[in-house]
Amino acid sequence: MDLINFRVGQKTISLKILDILLTERYEGNLTSLPNGNPSFLGVKDYMGTPTPIFDLSIILNNQSSYEINTALVELLRSKEEEHKSWLHALERSVMKGDAFDKARDPKQCAFGQWLDNFKTENEDLKAILHRFEEPHNRLHSLADKLLLLCEQDKQQEAIVMLEKERSTTYVKLMRLFESAREQISLDHKPIIVFTTQDGQKPHIGLLVDQVEDNMHCEEEEIKSLSEITNIGFEIDPQTRKMMQGLIKRGDTHTVLIDPSAIFRPEHLQGYEPEETESYGLF
């Protein structure tokens, strides 16, 4: 069978190509309808057919990709502020002799520990985060050097070194924080995948983060659902219905999704479609 792979958070899901009508960039222009399902975003008219749109990230991750990305941006902003405070504390210690109680070892720094453990499939973000190591380590190593100089009555030498590192290492670190946040924000361009049951009319739309690639898969390559729990899925009964199995290629895992298992809300029967736009496959 021929499949198209999509990225949803840190997960990759697959849809049969015959289940897909088209994809469209998500602009947030949906009609809201009362519904108790948190993954149901609203309705979009497709050729006169009111089509319910579901956020696949909420279904699979219990949180939208927008919320996940926003939280990550805020975390990086808070870590940037922590390092601003770190440098100010070191400056007070050098200039005024105040006690310095901040982390000197970059591995003991909360951000350093987070950096060592954070995983992402975003190659551009991964490259930016890799560039943090050198200036982050260098900044933290500065504390021991400057405080030792102060103990040796070489305060002026310590001040000169501090100012040099402030205009080089520290500036580089701050720019990396900004670049990482920008990469997270710019990279998130979600799309709606309109699915079909009959090859003509839309059944539902699924909000995903991006299209990845296509592949051919034989039936025997699809593993049982029991293996999905080993790669980070907590499967509730509703989600289990839409998962047909796990496909493993090398070190990567893809979950095959059956969109027909997500039912159209009953109250759409009385929904009157608005004027439709022209949609294109891209």
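# Group meeting talk: a walk through the helices and two cores

Let me start at a loop residue: aspartate 153 is exposed, with a relative accessible area of 73%. Aspartate 153 sits in the loop between H5 and H6, and its phi is near 60°, a positive value in a residue other than glycine. Before we go on, please keep in mind that this is a predicted model.

There is another residue of that kind to look at. Asparagine 62 also has a phi near 60°, positive although the residue is not glycine. You will find asparagine 62 in the loop between helix H1 (56–61) and H2. Is asparagine 62 buried or exposed? With a relative accessible area of 59%, asparagine 62 is exposed.

Now let me step back to the whole protein. The protein has seven helices and 11 strands. Of its 282 residues, 45% count as buried. The protein exposes about 15400 Å², and carbon and sulfur atoms supply 47% of that. If you take the contacts between residues at least 6 apart in sequence, 66% of them join residues at least 24 apart.

Back to the helix that comes before aspartate 153. Helix H5 covers residues 133–151, so to speak our home base for the next minute. H5 has 19 residues and reaches 28 Å from its first C-alpha to its last, close to the 27 Å expected at 1.5 Å a residue. Which residues of H5 are buried? They are Pro135, His136, Leu139, His140, Leu142, Ala143, Leu146, Leu147 and Leu149. The cover over these buried residues includes helix H2 (65–96), helix H3 (110–117) and helix H6 (155–187).

Serine 141 is also in H5, and at 28% relative accessibility serine 141 counts as partly exposed. The side chain of serine 141 reaches the backbone oxygen of arginine 138 at 2.7 Å. Serine 141 and arginine 104 are 37 residues apart in sequence, with 6.3 Å between their C-alpha atoms.

Next stop, H3. The buried residues in H3 are Phe111, Gly112, Trp114 and Leu115. Seen down the axis of H3, these buried residues fall within an arc of 160°, so they line one face of the helix. What do they pack against? The buried residues of H3 pack against H2, helix H4 (123–130), H5 and H6.

That brings us to the cores. In soluble globular proteins, nonpolar side chains tend to be buried together. The largest nonpolar core here has 33 residues, and Leu90, Phe111 and Phe132 touch the most other members. The elements giving two or more residues to this core are H2, H3, H4, H5 and H6. Which element gives the most? H6 does, with 10 residues.

Let me zoom in on phenylalanine 111. Not counting residues up to four places away in sequence, phenylalanine 111 touches Leu76, Lys79, His83, Phe132, His136 and Phe177. Apart from the largest core lies another core, of 24 residues, among them Ile59, Ile204, Leu246 and Ala261.

Here is one for those of you who like charged side chains. Glutamate 80 lies in helix H2. Glutamate 80 is buried, with a relative accessible area of 9%. What does its side chain make a polar contact with? The partner is the side chain of arginine 181, at 2.5 Å. Leaving aside neighbours within four places in sequence, glutamate 80 is in contact with Met174, Phe177 and Arg181. You may recall Phe177 from a moment ago, as phenylalanine 111 touches Phe177 too.

Last, a residue in a strand. Methionine 215 is in strand E8 (residues 210–216). Methionine 215 is buried, with a relative accessible area of 14%. Leaving aside neighbours within four places in sequence, methionine 215 is in contact with Met1, Asp2, Leu3, Asn5, Ser14, Ile247, Arg249 and Thr254. There is also isoleucine 17, 198 residues away along the chain from methionine 215, with 9.7 Å separating the two C-alpha atoms.

To finish where we began: H5 is followed by aspartate 153, with its positive phi near 60°. Thanks for listening, and do rotate the model yourselves.

Conventions:
Residues numbered from 1 in each chain as written. Predicted model: local features only at pLDDT ≥ 70, side-chain atom pairs only at ≥ 80, totals over all residues. Heavy atoms only, no water. Helix = DSSP H or I, 4+ residues; strand = E, 2+ residues; numbered from the N terminus. Expected span 1.5 Å × (residues − 1). Buried < 20%, exposed > 50% of the residue type's maximum accessible area, 1.4 Å probe, protein only. Contact = heavy atoms within 4.5 Å. Arc of directions from axis to C-beta. Polar contact = N/O pair within 3.5 Å; in protein donor to acceptor, adjacent residues only side chain to side chain. Core = buried A, V, L, I, M, F, W, Y, C linked by side-chain atoms within 4.5 Å. Areas by Shrake-Rupley, 256 points an atom, 1.4 Å probe, with all protein chains shown as cover.
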